[in-house]
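Work through the exercises below with the sequence and coordinates open. Each task is followed by a stepwise solution.

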Amino acid sequence: MSRTALRICPLCEATCGLTLTIEGTRVTHARGDRDDVFSQGFICPKGASFGAVDSDPDRLRTPLVRRDGELREATWEEAFDAVAAGIRPVVERHGPNSVGVVLGNPNVHTMAGALYPTVLLAGLGTRSIFTASTVDQMPKHVSSGLLFGDANAIPVPDLDRTDHLLLIGANPLESNGSLCTAPDFPGKLKALKARGGTLVVIDPRRTRTAKLADRHIAVRPGTDALLLAAMAQVLYEEGLVDPTPHVQGIEELAGELREFTPEAVAETCDVEAGVIRTLARELAAAPTAAVYGRIGSCTVPHGTLASWLVDVLNILTGNLDRPGGALFPQAATDKTPRPAGPGRGFALGRWHSRVSRHPEAKGELPLSALAEEIDTATEEGEPVRALIAVAANPVLSAPDGDRLDKALDSLDFMVSVDPYLNETSRHADVVLPPPPPSQSPHHDFAFNTLAVRNQVRYTRPAIPLEPGRMAETEILARLILAVTGMHGADPAAVDHMVIDQTLGKAVKEPHSPVHGGDPRELAGRLTGDTGPERRLDLMLRLGPYGDGFGVRPDGLSLEKLLAHPHGIDLGPLEPRLPQPLKTRSGRVELLPGPIADDLPRLRAALAERPEGLVLVGRRHLRSNNSWMHNVPALTGGSNRCTLQIHPEDAERLGVQNAEPVRVKGAGGEVTVTAEVTDAVRRGVVSMPHGWGHDRPGTRLSHASTDPGVNVNQLLDGRLLDPLSGNAVLNGVPVEVAPGAAPESPAVTEKLTALT
């Protein structure tokens, strides 16, 4: 007997609502939820494959503990005993910074990943923190922190109302959107064009998104900041500046950008000066407009400057905080809005990495530095001797995976929270597997802060927790207790502690709806079947739309949200400035010091004339980093690991379509199949990220049949954006030649193991 259940899809940033068909304890079908207040029935191939992802037979079902050099099944008690015995001695002997924590991208797709890692980090007290942000969007966090005083205050394009949308380094028809949560991004772009709006795409590849555009500019990779600076210079030169209110630094910025004329940047960007002027004029002339940049403009040498200039253009044209422009979302679980006024601001480089002295950004060190922080001794501080990896696979996602692979083997102890035995978790001494998504609750804490429409949704587990499984929230709570010296305590104590601390602060804040209240009495009024649900109830009640524990009877609470299973629409984005600003001035600081200090480096780039081939990445609609290559329904077809190369470059180099080709970079050499296509511009080659499933000791039976190659092995990790510590993954020089390279160490190791 089948039944249906609702579930918010956790497989990409679009957060679409799903209707699942369930037979017994198995999801047999998934379709879009037509009544979902946000996605309204939209679904992509990943969402349609929810059942296959959920029931992948390679998912681990019990913990694994290393005994006599081999990972073997163990009980949960044995696993957490081993964690406590492995981590605590390292902390006590070598200090908290000797324990590294790596948080992977999937953390932002689960309730557990949103609620517990901050508690883990605070409990450990370590500064050895590495996340997927520094191979992705950290430049945007840094630029937002410097502009607005809050690294998480990221404006998003008002897709439903804008008249002119300029996308740079973004391909939302493949990615479904990123740092811009928008179900049916393709439909929104088509609606923009249908109402007479203009879509401009700046990308070195003719992507699916570029094909939809009114204007496609095939810029030279890595020159995004120069192009954007020239557009801003045109606005000043031609008197087109009409800035957003609450901004300081307008006049000062004009002088800093004077040299970046379209004529000065044209040759380096390989975009005609007249085209650049047209881009700027059209942006300024549009009734409303929004500039949006993503990973292609973040993972480059000037990623923070490019991210900053995206918002500079929105500010100079008056489109920041304007309907139809770029606005700040207001999530239901945001903190109680404080009155507008000066804040603490945002600081960079409060501490540095031990080996290469990379400055921290947003409390994190570059993921590119993880290997050297493990394998390199210095006189300053202890190396990382133990590692906690939560939903992370840095062997594939960080530069020079071969070096990191060896470094992980040298650790004193490692614990991995992961449903798979993958290229990284195979090194762990303990693997703690969370249950499949159908058996977990879901609320999008992070993505609702980036949503193009304010709304709130929550789904409880569609299927009861399978016997022998442990909820991911409990896994992380027990992990916190085990590594902070409280092993064996009730895991509910973690949620109680967070609730007590949150209410203790709230009753002391004059602008809080519970100011002057009794924290214990308020805690007793929280509803929810679990600690995480009570924490969600707390955040909803204290949030911008909350009931304030009865102060606003029509406001939000968990009880009200559960009564609306398809979600609650909270309306379109609205202007919010100056309230979101936390700068020391209380204004948008258009030319912050670290940005001004980095502009000479951009000026030096005016003289650069790159020669040879450069590498860029690419997205696949049926992929999300390295997550889904073990699902047959999501591989094959266009979702393949190939090197795209322009026909003229292929002819010049003797490269044949569908034949092996060698690609060499600073970090190593790989062999991959060539795909000759004019979808990439001349001088550019493209490979997707997340492949390279050829290492022994994994349990990825389908992915290993077509492993692809790890594009990040072409990088040695030394190329970083200095402000954010973000890895440079695009615009990287490479050499290409026909034929197969010698077998990689990983392939050789695998063949040896098989024989």
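**Exercise 1: R541 and its partners**

At 9% relative accessibility, D547 counts as buried, because buried means under 20%. The model is predicted, and this exercise continues from D547 to the residue it pairs with.

Task: State which side chain meets D547 in a salt bridge, and whether that partner is buried or exposed.

Solution.
1. The side chains of D547 and R541 meet in a salt bridge, with an N to O distance of 3.8 Å. The cut-off is 4 Å, so the pair qualifies.
2. R541 has a relative accessible area of 8% and is therefore buried.
3. R541 also has an aromatic neighbour: its charged end sits over the ring of F549, 5.0 Å from the ring centre.
4. Elsewhere, R535 lies over the face of Y116, at 4.9 Å from the centre of that ring.

**Exercise 2: Two further salt bridges**

Task: Take the pairs R426 with D405 and R652 with D649, and determine for each where the partners lie and how accessible they are.

Solution.
1. A search of the whole structure gives 45 salt bridges.
2. In one of them, R426 and D405 meet at 2.7 Å, N to O. This pair links distant parts of the chain: D405 is in helix 18 (residues 401-409), while R426 is in the loop between strand 16 (413-417) and strand 17 (430-432), 21 residues apart. Both R426 and D405 are buried.
3. R652 and D649 form another salt bridge, the closest N and O atoms being 3.0 Å apart. Both residues belong to helix 25 (residues 647-653), and because they are 3 residues apart, about one helical turn separates them.
4. An α-helix has 3.6 residues a turn, so residues three or four places apart point the same way.
5. The accessibilities of this pair fall into opposite classes: R652 is exposed at 55%, whereas D649 is buried at 6%.
6. Salt bridges with shared partners also join E237, E238, E263, R277 and R281 into one network.

**Exercise 3: The length of helix 3**

Task: Check whether the end-to-end distance of helix 3 agrees with its number of residues.

Solution.
1. Helix 3 covers residues 76-94, which is 19 residues.
2. The expected span is 1.5 Å times one less than the number of residues. For helix 3 this should come to 27 Å.
3. The end C-alpha atoms are 27 Å apart, so the two values agree.
4. Buried residues of helix 3 include W76, F80, I87, R88 and H94.
5. G95 follows helix 3 and has a positive phi, near 95°.

**Exercise 4: An aromatic pair**

Task: Classify the geometry of the pair F148 and F328, and locate both rings in the chain.

Solution.
1. The whole structure contains 3 aromatic pairs.
2. F148 and F328 are 5.1 Å apart, centre to centre, with 90° between the planes. Planes over 60 degrees apart count as edge-to-face, so that is the class of this pair.
3. F148 is in helix 6 (residues 138-148), and F328 is in the loop between strand 14 (326-327) and helix 16 (370-375); the two are 180 residues apart and link distant parts of the chain.
4. Both F148 and F328 are buried.

**Exercise 5: Confidence**

Task: Identify which residues have a pLDDT below 50.

Solution.
1. The mean pLDDT of the protein chain is 96, and 98% of its residues reach 70 or more.
2. Residues 744-755 have a pLDDT below 50. Beyond near neighbours in sequence, this stretch has 15 contacts in the model.

Technical notes. Residues numbered from 1 in each chain as written. Predicted model: local features only at pLDDT ≥ 70, side-chain atom pairs only at ≥ 80, totals over all residues. Heavy atoms only, no water. pLDDT = per-residue confidence, 0-100. Contact = heavy atoms within 4.5 Å. Phe/Tyr/Trp six-rings, centres within 6.5 Å; stacked < 30°, edge-to-face > 60°. Helix = DSSP H or I, 4+ residues; strand = E, 2+ residues; numbered from the N terminus. Buried < 20%, exposed > 50% of the residue type's maximum accessible area, 1.4 Å probe, protein only. Lys NZ or Arg CZ within 6 Å of the ring centre and 35° of its normal.
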